[in-house]
Amino acid sequence: WTHNLDEIEPVIDAVRRELDHRYLNDIEGLSVPTLENLARWIWHRLNDRLEGLEHVAVRRGQPGISEGCTYSGRH
């Protein structure tokens, strides 16, 4: 582990609050809120605040029939 989970959770919660119960198309940088764009947007919000961030994974749907995207800004 590179971070204490008590340090990570508030950072993730802050980004979650930016998205929760919002029309994603109205959020700057998400005018086209595909899973790929959403993963990239979240990456950029977290990367400056979580040193060593490896990737961001976004999934939707039920287990076994879901779809998703993983984004790593390092590559």
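1. Let's start with A14, a residue of helix α1. In this predicted model, A14 has a relative accessibility of 21% and so counts as partly exposed. The value falls just outside the buried class, because buried means under 20% relative accessible area. Two C-alpha distances help to place A14 against the other helix. L46 lies 32 residues away along the chain, with 9.6 Å between the two C-alpha atoms. For L35, the separation from A14 is 21 residues in sequence and 19 Å in space, again C-alpha to C-alpha.

2. A quick word on the overall layout may help here. The protein has two helices and two strands, and their order along the sequence is α-α-β-β. Its C-alpha trace spans about 30 × 30 × 25 Å along the principal axes. Of the 75 residues in the protein, 27% are buried. If you look at contacts with a separation of 6 or more, 34% of them join residues 24 or more positions apart.

3. Which residues touch the most other members of the largest nonpolar core? They are L19, W41, I42, L46, V56 and V58, out of 18 residues in that core. Two or more residues come from each of α1 (5–19), α2 (35–47) and β1 (56–60). Helix α2 makes the biggest contribution, giving seven residues. As general background, nonpolar side chains in soluble globular proteins tend to be buried together.

4. L46 deserves a closer look, since you will meet this residue more than once. Beyond its neighbours within four places in sequence, L46 is in contact with V11, I12, V15, L53 and V56. L46 is also among the core residues that touch the most other members, and its name comes up again in the pocket described next.

5. The largest pocket has a volume of about 270 Å³. Its lining is made up of 14 residues, and those closest to the centre are I8, I12, L46, L50 and L53. Both α1 and α2 give two or more residues to this lining. Here α1 has the largest share, with five residues, whereas in the largest nonpolar core it is α2 that gives the most. I would show the pocket and the core side by side in a figure.

6. Now to L35, which sits in helix α2. Is L35 buried or exposed? With a relative accessibility of 15%, L35 counts as buried. Leaving aside neighbours within four places in sequence, its contacts are V58, R60, E67, G68 and C69. Two of these partners, V58 and C69, turn up again as a bridge pair in the hairpin.

7. The hairpin is formed by β1 and β2, with six residues between the strands. The two strands run antiparallel and are joined by five bridges. V58 has C69 of β2 as its bridge partner, and A57 stands opposite T70 in β2. In the turn, G61 has a positive phi of about 105 degrees.

8. H21 is another residue whose backbone is worth checking. Where does H21 lie? Its place is in the loop between α1 and α2. H21 is not a glycine, yet its phi is positive, at about 55 degrees. The relative accessible area of H21 is 77%, so this residue is exposed.

9. Last, please have a look at S72, in the segment after β2 (67–71). Why does S72 count as buried? The reason is its relative accessibility of 16%, because the cut-off for buried is under 20%. A polar atom of the S72 side chain lies 3.0 Å from the backbone oxygen of E54. Apart from neighbours within four places in sequence, S72 is in contact with W43, E54 and H55. E54 therefore appears both in the contact list and as the partner in the 3.0 Å pair, given that contact means heavy atoms within 4.5 Å.

Note on methods
Residues are numbered from 1 along each chain as its sequence is written. This is a predicted model: local features need pLDDT of at least 70, side-chain atom pairs count only at pLDDT 80 or more; totals for chains, interfaces and linings use all residues. Side-chain values use heavy atoms; hydrogens and water are left out. Helices (H or I, at least four residues) and strands (E, at least two) are DSSP runs, numbered from the N terminus. Buried means under 20% relative accessible area, exposed over 50%, partly exposed in between (1.4 Å probe, protein chains only). A polar contact is a pair of N or O atoms within 3.5 Å; within protein, one must be able to donate a hydrogen and the other to accept it, and residues adjacent in sequence count only if both atoms are side-chain atoms. A nonpolar core is a set of buried Ala, Val, Leu, Ile, Met, Phe, Trp, Tyr and Cys residues joined through side-chain atoms within 4.5 Å. Two strands pair if DSSP finds at least two bridges between them. On a 1 Å grid over the protein atoms alone, a cavity is a set of points where a 1.4 Å probe fits but cannot get out, and a pocket is an open set with protein on both sides within 12 Å along at least five of seven lines; lining residues have an atom within 4 Å of a point. Grid points are joined across faces, edges and corners, and a volume is the space filled by probe spheres set on the points.
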